[in-house]
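Me: I have a structure open that I have not looked at before. Can you walk me through it?

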Amino acid sequence: MEIVAISDLQGASGDLLVLPVFQDRVWGPGAEEAVAAMGDWLEGYLDGLDFTGKVGQSAAVPGSNGFGRVLFVGLGNEADADVLRSAAGIAGRAAVRYEKVATTLSQVEIDGAADAVAYGFVLGQYKFDKYLSKPKPAKTRELALVGADGDEMDHGRIVAAGVALARDLVNEPAGGKKPEVLAEVATEMSRELGLEITVYDETEIEAEGFGGLRAVSLGATNPARMVVMKHRPAGATKSLAFVGKGIVFDSGGLSIKTAAGMETMKTDMSGAAAVYGAMKVIAELGVPVNVTAITPLTENMTGGAAQRPGDIFTARNGKTVEVLNTDAEGRLVLADGLSLAVEDEPDLIVDVATLTGACMVALGKKIAGLFGSDDDAAAQVEAAARRAGEKVWRLPVEKEYRSKLDSPIADIKNIGDRFGGAITAALFLAEFTDERPWVHLDIAGPARAEGDDGYITKGGTGFAVSTLVALAEDMAAN
Ligand code: BES
Ligand code: ZN
Ligand code: ZN
């Protein structure tokens, strides 16, 4: 699909025109004229559909002013970028049958309107259909944004493509994304985008002391990989490190999950997927910040060589870990990822992981847990998430709970007790950050959606791509 900017609707034509409507049917930009041209029947018709202009509502009616059909989308009382992204997502989903689409949503008077509309529309049309024998791809060839700022529009489109990449990787069945395969995807992407990349194979993983990644990989037949990508733009002075949990399938290991608990565990690499999506966008936009992306990739399986509850390994930073529950594996691979990140002394480390069921219990499916080493680091990422339209909520890295992780025979054990599981996971990770500025995003909830919702589509959401991009941009600007 091509996204273009046009100055106004004069002489424009197409298959579908998308128009904004505020609460109580207050017509948004461009709607007044179209409504006048449509005639008296319209109000009664919209009454029948119960269409008032609430957020989430939409109504399709016969065409006017050169367009085959018109779609009204509700923006509620006051539109902000979040509302606009969501409305554009609804429009995108409704528009899949139409080839040539135009909208004045981009004329809603808020900062970044064209960005939000391009982003939402593209992602609303997202489909994972590569395994369908009869796929029905979106027919939309052109989206014209009235009155759009071209740069904003392109930004929205490029970030959306990064989110779509992450969704594709998350939605891919585990059998199709073995660590070697994902490493190949990262290598190909790096070649195209001019990123430096190093891929450590199973022998190098052992030699480099990535003991957590190795321990988790022992039960798997498919070998693990550690992938490190670097974006090094000329003139950059600040530096970021992203660490993404890349468990391509989490069976729980010998502390095995239930069948139901395993159903969605191909998505346990959503952190790594988000990091790849963000790197693609950051490289394409040429954001002037040094970014290192670290993604430990492995399956967590139950093969005869699998690590046993009670086993001890040594992580990259030299700390020993007693593994009492092999299903708490994300923190083990992140231990090495974070240890490696620290070695470059970046200004800020952000890890992204589908880490704990406990975080979902605390915050539900739509909000990520955010943990920070200090208020400044946390506030930086919170601000980026707000700008990106992704919901996060800060939880404490409570030092009083650290003793829950005390082991009598190793430096630390990998599980606490029944309570505060998202916090003990964060406390575990903190042991590998060398007290550098660090933020941990537990995306166990929002990485996957149960159904379509605005620009979110059922399945992998690509959550955190947009936040990581916004964070890099904020760092470049300040
Ligand atoms: N990948 C899971 C966390 C998860 C669960 C993500 C459900 C998304 C949906 C993680 O590896 C895990 O199994 N965590 C355990 C930790 C426990 C054993 C301390 C959990 O949350 O139950
Ligand atoms: Zn697990
Ligand atoms: Zn896991």
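Reply: A term to start with: a polar contact is a pair of N or O atoms within 3.5 Å. Note also that this is a predicted model.

Me: OK. Which backbone atom does an oxygen atom of ligand 1 lie 2.7 Å from?

Reply: That oxygen is 2.7 Å from a polar backbone atom of G357. A nitrogen atom of ligand 1 is 3.4 Å from a polar backbone atom of T354. On the side-chain side, an oxygen atom of ligand 1 is 3.2 Å from an N or O atom of K245.

Me: How many residues are around ligand 1, and which come nearest?

Reply: There are 16 residues around ligand 1, and K257, D268, D327, E329 and G357 come nearest.

Me: Now the metals. What are the protein donors of the zinc ion (ligand 3)?

Reply: They are K245 through NZ, D250 and D268 through OD, and E329 through OE, at 2.0 to 2.5 Å from the ion. Along the sequence these donor residues follow the spacing K-x4-D-x17-D-x60-E.

Me: Why is the arrangement around the zinc ion (ligand 3) octahedral?

Reply: Because the six donor atoms around the zinc ion (ligand 3) subtend angles of 77 to 174°. For six donors, octahedral requires opposite donors over 155 degrees apart and all others between 65 and 115.

Me: And which protein donors does the zinc ion (ligand 2) have?

Reply: D250 (OD), D327 (both O and OD) and E329 (OE), lying 2.0 to 2.2 Å from the zinc ion (ligand 2). The site has six donor atoms with angles of 71 to 168° among them, and it is irregular. The spacing of its donor residues in sequence is D-x76-D-x1-E.

Me: Which residue bridges the zinc ion (ligand 2) and the zinc ion (ligand 3)?

Reply: D250 bridges them, and the two ions lie 3.2 Å apart. D250 sits in strand β11 (residues 246-250), while E329 is in the loop between β14 (320-323) and α11 (330-343), so this pair links distant parts of the chain, 79 residues apart.

Me: Are D250 and E329 buried or exposed?

Reply: Both D250 and E329 are buried. D250 counts as buried because its relative accessibility is 2%. K245 also has 2% relative accessibility and therefore counts as buried.

Me: Changing topic: how many residues are in the largest nonpolar core?

Reply: It has 93 residues, and F242 and V350 have the most contacts inside it. Leaving out residues up to four places away in sequence, V350 touches A241, F242, V243, V381, V439, L441, L468 and L471. Another core lies apart from it, with 43 residues, including I205, F371, L405 and L427.

Me: What about R448, where is that?

Reply: R448 is in strand β20 (residues 448-449). R448 counts as buried because its relative accessibility is 18%, and the cut-off for buried is under 20%. The side chain of R448 makes a polar contact with the side chain of E450, at 3.4 Å. Beyond neighbours within four places in sequence, R448 is in contact with T264, T267, K365, G459 and T461.

Me: Last thing: what is the phi of R25?

Reply: R25 has a positive phi of about 60°, although R25 is not a glycine. Most residues other than glycine have a negative phi. R25 is in the loop between β2 (14-22) and β3 (26-27), and at 15% relative accessibility R25 counts as buried.

Me: And D50, is that one buried or exposed?

Reply: D50 counts as exposed, at 58% relative accessibility. Phi of D50 is also positive, near 65°, and D50 lies in the loop between α2 (41-49) and β4 (58-64).

Conventions
Residues numbered from 1 in each chain as written. Chains lettered and ligands numbered in written order. Predicted model: local features only at pLDDT ≥ 70, side-chain atom pairs only at ≥ 80, totals over all residues. Heavy atoms only, no water. Donors = N, O, S within 2.8 Å, 3.2 Å for Na, K, Ca; no water. Tetrahedral: all angles 85-135°; square planar, octahedral: opposite > 155°, others 65-115°. Buried < 20%, exposed > 50% of the residue type's maximum accessible area, 1.4 Å probe, protein only. Helix = DSSP H or I, 4+ residues; strand = E, 2+ residues; numbered from the N terminus. Core = buried A, V, L, I, M, F, W, Y, C linked by side-chain atoms within 4.5 Å. Contact = heavy atoms within 4.5 Å. Polar contact = N/O pair within 3.5 Å; in protein donor to acceptor, adjacent residues only side chain to side chain. Near = heavy atom within 4 Å.
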